[in-house]
Every structure is written in C-alpha cells, then in structure tokens.
Amino acid sequence: MQQQTLFSAPEDRPLASRMRPRTLDEFAGQSHLLGEGKILRQLIDADRVSSMIFWGPPGVGKTTLARIIANRTKASFIDFSAVTSGIKEIKNVMEQAEQNRMFGEKTILFVDEIHRFNKAQQDAFLPYVEKGSIILIGATTENPSFEINSALLSRCKVFVLYALSSDELLALLHAALDDPRGFGGQHIVIEEELLEMIANFANGDARSALGTLEMAVLNGRRDGGTTTVERALLAQCVSRKSLLYDKNGEEHYNLISALHKSMRNTDPDAAVYWLARMLEGGEDPLYIARRLIRFASEDIGMADSRALQVAVAAYQACHYLGMPECDVHLTHAVVYLSLAPRSNAVYQAILSAKKDARERMAEPVPLQIRNAPTRLMQELSYGKDYQYAHDTEELLTDMECLPDSLAGRRYYLPGEQGSEARAKQRLEAVLAWRKAQKNPAAPEK
C-alpha cells in the first residue's frame, strides 16, 4: 500500500487541478465540437483521432481535452511544453514514440503553447507526424495561421475552442461545491449572486473561476463546521471591488459605452476614468484596443488619419506587453483620440453605400473599368474606353466608375474639421473639374 505524504495529499492540489474533468461527460463547454453528432466527438468515439491544433483562450480546457482523448483512445500520452523544451527534448520524445509504435501503441504528443516553438523546432515534428509515429495535439492561444508553420499546419485539423459562458462557469462552480474532489465534504455557505459574480469575473476562464472560488472559501468566515463567503470578503479576495460585474453582464457594455461617448465628447478625463474602471474590472486590454481602432475611423476618420495609426499601435503594444504594463499605451491612445478633431463622414459614407448595395439592383461592373486579361474579354469590350489617369496632365479623367443608375452619387461628404478640410477642398476641386469636362462652356462668338 502506497503511503500518502503531506506533499502528495490530493486536497493540497489547487481546486482547478482537483476538479479537472476526467470524461467528456464532465467536460464543460465546447458543445459545437463535443455535442452529439459533432465532428470532434465522432472522431474521439470512433478512435480516429488525427493530428490537430486546439486554438482558444486560457482556461477553456485545451490540455484537459487532450488528456481525455488520450484516455479514450488508449494511447500513450506525452505532455510537452514549448516553454521549457528544445530540439534535443523533441528527439528524445520522438524516439520514445517510435518504440511505442513498434509495440503497436499509439502516442499522443500534447504540446502546450506550440506557438512558442520556432520554425526549426516545429519542423522537427514533421517527419514523425507524416509517418504516423505520433498524433500531435498542439494548444495555442494565438492564431495558428500566423504562429504555426504552414507545412505543419496543413497536416493538422484546427479546432477552435471558445471562452466558457457564464452559465457554464456557474455550473462548474456548483459542481466544485458539491463534488468530493472539491468542497463536497464541507458545509460552504455562499449566495447564488456571489457565484454569478465569480462566473462573470472569470471572463470565460474555468481555471480563473475555480481559483477565485477556492480563494474565497479558504478565506471565508468559519463558524464551527460552516464556512461563509460574504460579498465584502469576495471583493477583498479578488483585490478589486469593481470586478464584481452584475450577473447579466450589462456593466461590461455600460463601461465601454461610457468610454466611447466620453472620447466622442472630447472629455479625456472622463475617458481615462472609464478606461481605468474597465482595466481594474479585468477587461481584456485587446478588446479595449479593438474598440479604440473602431472609434478612430468612425468618429475621427479623415479629420486626423493619424488617430488610426495611434490606435493600431496601442493594440500592438498591448499584444506585445499585456497587462499591467500596457495600461499606459491604452491611456496614450484614449487621450489622443479624445482630443483629436471629429468627423463621422467616413462612417456615414460606408453606411450609405451599404444601404445602396443592399437595396438596389446589383448592376454589373462598367466595362471600362473591367480587366481584360484574355482575348475573349477584349473582344467583349472589357476595358474598352478605360482612361489611365497617369497619362493626363491633371492626373484626372472624367471616366465614370459607378454603375449607370448611380452615376454622380455622393457617399463621402467631408466636413471642415482638421485635415478633412483639405480633403474637402481637394474633392470639390476634382468634382468641379469633372463637371467642366462633361459640360464645357460654349465658345464665345
């Protein structure tokens, strides 16, 4: 009989580790992949698993799903970290996999954070994947199209895992309170509203939700055999009272609306405050940065085209650094956008054009602006009467580029703010020149 030690006691492991799902029935979320009749569920049930990439945010079960697959398929499971391993470790693992194959045993090689491997390291997997020595399951939080070699990616099926919903996280929290592996043997008193707050705060991350619950329970008020988790205690455990969003998630949208409208109202102080509220609430900085990029074109546009550059640069800075360091880059962008001149002319232009595209007949592209790469197309007058602007002294032509029914229609109507005033002057001059070409003044007698 193996003796349990202080260091091997199951209850000493983190709650998220103790509650790790053991079967697909215990697995939370990803019903689009694991529901009845879904593709990944069918592959697992039929034991036809091939090399694949799991792409999704942290805490959605990428590692757990790989372990469940290994157990269901009776394969040898090797857990491999891209953070601590190099070419030498890869070769050692491949030798082990080759030996397993000689004895008729499958080997599933799970590579966590596979995007951290460089090209040479990723290429080392290729021959073993091709001849079937290993079934490669990679996990990544980054877009595989950009982070994984095309040769390796072409040999793997990519499955996208989504952040868990608040309801799915709430079910996990209830299970942790009832399951003997969690707090099932203890009398825990915690209001449903507080569990909902934890679920919403976790932002789709099961590991974060279980970790927050564990911290709250371990620091709860004890009275005899009962542990009570109170609202003030929960706020203290997460160290941010503003993290406790309401159960419907409305506060998330209220805050981003407050940020957007404060910037639109040229109020940098209010905008920075709402930015701080969102960051302190655990909001994804990349989400905020994406909203700033949208604002730069929707509310500023051509009045200051540098606004878009600043917003995109802030997104890249957040991607490189993450929190908490990137807070200053977001603040930089928010202040710049708040003080930049305003114009929604670009936004109104696309709204108007989309309305025509939806509601009017889809007319063919005018012949004069079609390409004519073949002889048949040339015989059909593709490209006939095309006017090359660079061949003219003015670098302009009076050629019509819209369909006949839309000829002369205006979508972009520039304003007078900032740099857009110059764009307006330029456009008005171009329109006046074209009008003069089409309606030349009668010669004097």
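**Exercise 1. Find how many bridges join β6 to strand β8, and whether the two run parallel or antiparallel.**

Solution. Start with β8, which covers residues 226–229. Four bridges join β6 to this strand, and the two run parallel. For a fixed point, look at I188: its opposite in β8 is T227. A word on terms: helices (H or I, at least four residues) and strands (E, at least two) are DSSP runs, numbered from the N terminus, and two strands pair if DSSP finds at least two bridges between them.

Before going on, a note on what you're looking at: this is a predicted model, where local features need pLDDT of at least 70, side-chain atom pairs count only at pLDDT 80 or more, and totals for chains, interfaces and linings use all residues. Residues are numbered from 1 along each chain as its sequence is written, and side-chain values use heavy atoms, with hydrogens and water left out.

**Exercise 2. Work out the order of the strands in the open sheet, and which helix packs on the sheet.**

Solution. Step one: three strands make up the open sheet, ordered β6-β8-β7, with mixed pairing. Step two: β6 (187–190) and β7 (221–223) are the edge strands, each pairing on one side only. Step three: from one strand to the next, the twist averages 25 degrees. Step four: helix α12 (residues 206–218) packs on the sheet and touches β6, β7 and β8, where contact means heavy atoms within 4.5 Å. The direction of α12 makes about 120 degrees with that of β8. Such angles run from 0 to 180 degrees between N-to-C directions, with axes fitted to C-alpha atoms, for helices over the stretch in contact.

**Exercise 3. Trace the network of salt bridges that includes E26.**

Solution. The structure holds 19 salt bridges, each a side-chain nitrogen of Lys or Arg within 4 Å of a carboxyl oxygen of Asp or Glu. Begin at E26, whose side chain meets that of R22 at 2.7 Å, N to O. Next, E26 also bridges to R181, with the closest N and O atoms 3.7 Å apart. That second pair links distant parts of the chain: E26 sits in the loop between α1 (15–18) and α2 (31–34), while R181 is in the loop between α10 (166–178) and β6, 155 residues apart. Add D179 and you have the whole network: R22, E26, D179 and R181.

Now check the exposure. Buried means under 20% relative accessible area, exposed over 50%, partly exposed in between (1.4 Å probe, protein chains only). E26 has 30%, so it counts as partly exposed, and R22 is partly exposed too, at 47%. D179 is at 18%, so it counts as buried. D179 lies in the loop between α10 and β6 and touches M19 and G184, leaving aside residues up to four places away in sequence.

**Exercise 4. Explain why the salt bridge of D79 and R67 ties together parts that are apart in sequence.**

Solution. First, the side chains of D79 and R67 meet at 2.8 Å, N to O. Then place the two: D79 is in strand β2 (residues 76–81) and R67 in helix α4 (residues 62–72), so the pair ties together parts 12 residues apart in sequence. Last, the exposure: D79 is partly exposed at 41%, and R67 is partly exposed at 32%.
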